[in-house]
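Hello,

I am passing a structure over to you, and I hope you enjoy looking through it. Please open it first, and then read on for what turned up.

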Amino acid sequence: ILGLSALTIFSCSTPAENTENAETTTEEVVKNCVYVYDYAASKIEFGAFKTTEKLEVKGAFESFDVLNTNTGGNFKEVFENAEFKIYVNSLETKDAGRNQRIRDHFFGELLSKDTLSGKIVKIDSAAVEVELSMNKISKNVILKIEQNGNEYMLTGAINVLDWKADKGLKGINDACKDLHKGADGVSKTWADVNLYISTILKEKCD
């Protein structure tokens, strides 16, 4: 009797639901994303040098335009046709007197006093080749690319004498003669200028 009862119980029980094999319906959301240039996250900075010890004085241009950028999947696609214009009056070194001296005595001696301009010539995975126009002369500059996620830093260096800016260099050295003296008492303004350009590619999704 006990055996028959057990058989009846097992044969009439409802099979347990197999949750592992249960079908679930999920809706997959596919994003279509591209990158765009973000002006607000971009900076154009520089480092100039004074004294025989070659002390770096940093500054920035706070007003500039970057034109002909694209939407794209990477840095190259966004910037490969870009052009730029930098406004000299926006120069900022955190010293009002120094700002005015650079504008008046360096840029004031150039044929193009108010703007610097240029365009992207070539981009590869490691560097950007830029045509920089200053003093109505155009020269190509190589900037190294450093990437951290969507953040990009371009670094390089120029010698302003390559743009025949010797009058400007003399002008700023004369105006800053005492300020550019080091421990040896020699006043010196270097023709070398470091360039630091940074930007962030902003993601735009449908």
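**What was found**

Of the 206 residues in the protein chain, 33% count as buried. Please keep in mind as you read that this is a predicted model. The secondary structure comes to 4 helices and 11 strands. If you take the contacts between residues at least 6 apart in sequence, 60% of them join residues at least 24 apart. The chain exposes about 13,300 Å², and carbon and sulfur atoms supply 50% of that area.

**The disulfide**

A good place to begin is the disulfide, as the structure holds 1. Which residues does the disulfide join? The partners are C33 and C205, with an S to S distance of 2.0 Å. The link of C33 and C205 is right-handed, with 105° about the S-S bond. C33 lies in strand β1 (residues 33-37) and C205 in strand β11 (residues 189-205), so the pair ties together parts that are 172 residues apart in sequence. As for their surroundings, C33 is partly exposed at a relative accessible area of 30%, and C205 is partly exposed too, at 33%. Another cysteine, C176, is buried, with a relative accessible area of 5%.

**Strand β5 and its neighbours**

Next, please have a look at strand β5, which covers residues 83-87. Which of its side chains are buried, and which are not? F84 and I86 point to one face and are buried, while E83, K85 and Y87 point to the other face and are not. That fits a general pattern: in a regular strand the side chains alternate between the two faces of the sheet.

Strand β5 has a partner in β4 (residues 64-67): the two run antiparallel and are joined by 4 bridges. β5 also runs antiparallel to strand β7 (residues 115-123), with 5 bridges between them. You can follow both pairings through F84, which is the bridge partner of V66 and has G118 as its own bridge partner in β7.

**The nonpolar core**

The largest nonpolar core has 41 residues, and the members that touch the most others are F75, F107 and V160. If you centre your view on F107 and leave aside its neighbours within four places in sequence, you will find contacts with F61, V88, L91, I102, K113 and L116.

**Two threonines in β11**

Strand β11 came up with the disulfide, and two of its threonines deserve a look as well. T189 is found in this strand and counts as buried, at 14% relative accessibility. Its side chain makes a polar contact of 2.7 Å with the side chain of N173 and another, of 2.6 Å, with that of H180. Beyond four places in sequence, the residues in contact with T189 are F49, L169, I172, N173 and H180.

T199 is also found in β11. What is its relative accessible area? The value is 9%, and T199 is buried. A polar contact of 2.7 Å joins the side chain of T199 to that of S42. Not counting residues up to four places away in sequence, T199 touches Y37, D38, A41, S42, F75, F79, N150, E151 and Y152. That list includes F75, one of the core residues named above.

**Some loop residues**

Finally, here are a few places in the loops. K177 sits in the loop between α4 (166-175) and β11, and at 52% relative accessibility it counts as exposed. How far apart are K177 and K188? The two are 11 residues apart in sequence and 7.6 Å apart in space, C-alpha to C-alpha.

N68 has a positive phi of about 65° although it is not a glycine. N68 belongs to the loop between β4 and α2 (75-79) and is partly exposed, with a relative accessible area of 46%. K94, which is not a glycine either, has a positive phi of about 70°. Its place is in the loop between β6 (91-92) and α3 (96-106), and K94 is exposed, with a relative accessible area of 80%.

Happy exploring, and best wishes.

Notes:
Residues numbered from 1 in each chain as written. Heavy atoms only, no water. Buried < 20%, exposed > 50% of the residue type's maximum accessible area, 1.4 Å probe, protein only. Contact = heavy atoms within 4.5 Å. Areas by Shrake-Rupley, 256 points an atom, 1.4 Å probe, with all protein chains shown as cover. Disulfide = S-S within 2.5 Å. Pairing = 2+ DSSP bridges. Polar contact = N/O pair within 3.5 Å; in protein donor to acceptor, adjacent residues only side chain to side chain. Core = buried A, V, L, I, M, F, W, Y, C linked by side-chain atoms within 4.5 Å.
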